[in-house]
Amino acid sequence: MNLAPLITVLGIHHVGIVVSDLAAATERYQSMGFRLLEVLDLPEQGVRIASFAIGHNYVELLTPLDSESGVARFLAARGDGVHHVAYAVPDLSAALQFLAAAGFELIDREPRVGLHGWRVAFIHPRSCHGVLTELVEVAPAPE
Ligand code: CO
């Protein structure tokens, strides 16, 4: 058995939820007390995102901008629901290297720039028991 050191995961960073009606969903989450940070488009991923702060974590409501995006196909196939879970890591490049060597199916072999300029990468749901998994690089918490 390979006993290579595990990657460091600092915690859950955000949960991504696909919704068909972003305005209604935003209102609903605000009514639960979630603080809306911003709404913005990521055209390269074909999505509009409403981003909420909850404590030190986030919730992202995602809705497709076109019918071709992965989020559009997800919505058509499964309806509203949890789309991905994102974990915070201190060193994304090291994490990707480790996961690739460990046989994980990486959607992004190199970090890409996501929401808010974060360095992110996605792992295929096939490698994470059916959950699309995102890693987000964050500065480690001070000691
Ligand atoms: Co995300």
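1. H14 and H84 are both buried, that is, under 20% relative accessible area with a 1.4 Å probe and protein chains only. This is a predicted model, in which local features need pLDDT of at least 70 and side-chain atom pairs count only at pLDDT 80 or more, while totals for chains, interfaces and linings use all residues. Residues are numbered from 1 along each chain as its sequence is written, and side-chain values use heavy atoms, with hydrogens and water left out.

2. The cobalt ion has as its protein donors (N, O and S atoms within 2.8 Å of the metal, or 3.2 Å for Na, K and Ca) H14 through NE2, H84 through NE2 and E134 through OE, at 2.0 to 2.1 Å. Since water is not among the atoms, the site may look incomplete. H14 belongs to strand β1 (residues 11-18) and H84 to strand β5 (residues 81-89), so the pair ties together parts that are 70 residues apart in sequence; strands here are DSSP E runs of at least two residues, and helices are H or I runs of at least four, numbered from the N terminus.

3. An open sheet of 8 strands, with mixed pairing, has the order β2-β3-β4-β1-β5-β8-β7-β6, where two strands pair if DSSP finds at least two bridges between them. At its edges stand β2 (35-42) and β6 (112-113), each with a single partner strand, so one side of each is left without a neighbour in the sheet. Strands β7 (residues 119-123) and β8 (residues 132-137) run antiparallel and are joined by 4 bridges, and I123 stands opposite T133 in β8.

4. W118 touches H13, H14, Y58, E60, R112, V113 and V136, leaving aside residues up to four places away in sequence, with contact taken as heavy atoms within 4.5 Å.

Technical notes:
Buried < 20%, exposed > 50% of the residue type's maximum accessible area, 1.4 Å probe, protein only.
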